[in-house]
Amino acid sequence: MIVIKDLSFYYRKDVNILEKISTTLKPGHVYGLLGLNGTGKTTFLKLIAGLQFPKIGDVTVNKEISKERNVSFLLDIYFITDEVELPKWKIKTFEEVYGALYPKFDSKKFYELLTELQVNPQENLGNLSYGQQKKVNIAFGLSTNVSTILMDEPTNGLDIPSKSQFRKLLAKYTTDDKIIVISTHQTRDLDQLIDQLLVIHNRQLVVDESIYDLTKKIKFENNVENLTDALYFEKTISGLQSITENKYQEDSKLDIELFFNALTQDETFLTKFKTLQLQNHE
Ligand SMILES: Nc1ncnc2c1ncn2[C@@H]1O[C@H](COP(=O)(O)OP(=O)(O)OP(=O)(O)O)[C@@H](O)[C@H]1O
């Protein structure tokens with residue numbers, strides 16, 4: 001379990017990046033972390049990983065304080081960063097040296113995942129492209145069997161077949177005892193996997209909810225004709241898309257992109273959405 005309490009963070013004292021964020025992330029879920037460029041998603045992941053320290057507040061992962069970076073904490077968390085900086089070693093050497101750091105590392109699984117992601121295990125990491133190195137890092141991360149995996153833009157640089165392969169591999173990794181937090185702009189790559197949504201906007205966590213709960217509150221429709229009840233709408237080439245209050249608990253699929261646009265491009269939407277949340281909590 002990741003517990004974040006009153007977290008505030010800045011790089012420069014006069015520019016707060018995150019302000020008084022509190023949340024609890026539970027095992028068995030895949031959290032999608034969204035936000036506009038520069039809102040602090042990577043910073044948020046680094047704070048969980050203990051790579052940055054809160055200015056105010058606390059972050060704990062399985063009761064370990066992240067910033068203390070205890071060995072037991074480090075052995076049970078893996079951060080797949082967007083920038084891959086792997087040593088220029090043979091993959092086998094990398095697997096032997098780094099795998100030894102993780103008590104539950106599964107070497108057989110690592111090579112199976114490399115095969116599934118179509119990376120030649122005989123290669124030297126220095127000769128691999130950005131996308132191929134990313135695949136090695138993903139295969140490695142999923143083989144550590146740690147309880148917490150943080151991923152920053154994992155599908156960036158992956159080709160189309162690898163993206164779908166990645167989805168399949170991740171779905172297999174998701175078990176009741178693991179937390180996966182994925183920061184992404186590529187919502188279409190991951191919307192089948194994510195079951196909890198976190199949205200950072202204007203230094204706050206403005207959405208912290210399950211997809212299930214969200215779709216109980218709001219309804220997504222395509223080719224709408226009547227916009228009277230729309231909380232937000234967009235014109236697309238295939239017609240009007242809208243978000244309305246889901247008054248009658250109808251089934252609809254969450255359009256993450258539309259929802260994200262509504263939250264970040266229309267200030268009135270967030271206020272309306274918060275009102276809905278309050279109504280539902282009453
Ligand atoms: N080491 C640093 N020193 C100073 N400012 C930083 C540093 N790292 C990030 N920032 C600033 O902090 C803010 C948040 O950056 P962060 O990388 O966390 O955002 P992000 O949401 O991950 O962005 P993107 O979607 O573009 O990757 C940005 O304004 C960025 O310029």
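**Hairpins, sheets and a ligand shell**

Colleague: How many residues sit between strand 1 and strand 2 in their hairpin?

Modeller: Two residues lie between strand 1 and strand 2 there. Strands (E, at least two residues) and helices (H or I, at least four) are DSSP runs, numbered from the N terminus. This is a predicted model: local features need pLDDT of at least 70, side-chain atom pairs count only at pLDDT 80 or more, and totals for chains, interfaces and linings use all residues. Residues are numbered from 1 along each chain as its sequence is written.

Colleague: In which sense do strand 1 and strand 2 pair, parallel or antiparallel?

Modeller: Antiparallel, over seven bridges, with strand 1 at residues 2–12 and strand 2 at residues 15–25. Pairing needs at least two DSSP bridges between the strands. Arginine 12 has valine 15 as its bridge partner in strand 2.

Colleague: What is the strand order in that open sheet of four strands?

Modeller: The order is 2-1-4-5, with antiparallel pairing. Strand 2 and strand 5 (64–65) are the edge strands, pairing on one side only. Two bridges link strand 5 to strand 4 (residues 56–61). Valine 61 stands opposite glutamate 64 there.

Colleague: Switching sheets. What is the order in the open sheet of six strands?

Modeller: 6-7-8-3-9-10, with mixed pairing.

Colleague: Why do strand 6 and strand 10 each have a side without a neighbour?

Modeller: Strand 6 (77–80) and strand 10 (204–210) stand at the edges with a single partner strand each, so one side of each has no neighbour in the sheet. From one strand to the next, the twist averages 15 degrees. Strand 6 runs parallel to strand 7 (residues 148–152), with four bridges. Phenylalanine 79 faces leucine 150 in strand 7.

Colleague: Which strands does helix 1 lie across in those sheets?

Modeller: Strand 3, strand 6, strand 7, strand 8 and strand 9, at about 155 degrees to strand 7. Helix 1 also lies across strand 1, strand 2 and strand 4, at about 120 degrees to strand 1. Angles run from 0 to 180 degrees between N-to-C directions of axes, which are lines fitted to C-alpha atoms, for helices over the stretch in contact. Contact takes C-beta atoms, placed from the backbone, within 7 Å.

Colleague: Now the ligand. Which helix gives the most to its shell?

Modeller: Helix 1 (residues 41–49), with three residues. The residues around the ligand are Tyr11, Ile17, Gly35, Asn37, Gly38, Thr39, Gly40, Lys41, Thr42 and Thr43. Their C-beta atoms, placed from the backbone, lie within 6 Å of the ligand.

Colleague: How do the shell residues divide by class?

Modeller: Two nonpolar, seven polar and one charged. Ala, Val, Leu, Ile, Met, Phe, Trp, Tyr, Cys and Pro count as nonpolar, Asp, Glu, Lys and Arg as charged, and the others, Gly among them, as polar.

Colleague: How do helix 4 and helix 5 cross?

Modeller: At roughly 145 degrees, with the axes of helix 4 (residues 107–116) and helix 5 (residues 130–143) coming within 9 Å. Lys109, Phe110, Leu113 and Leu114 in helix 4 meet Val136, Ala139, Phe140, Leu142 and Ser143 in helix 5. That contact has seven nonpolar, one polar and one charged residues.

Colleague: Back to hairpins. How many residues lie between strand 12 and strand 13?

Modeller: Two residues lie between them. Six bridges join strand 12 (residues 230–236) to strand 13, and the two run antiparallel. Threonine 236 has glycine 239 as its bridge partner in strand 13.

Key. Two residues are in contact if their C-beta atoms, placed from the backbone, lie within 7 Å.
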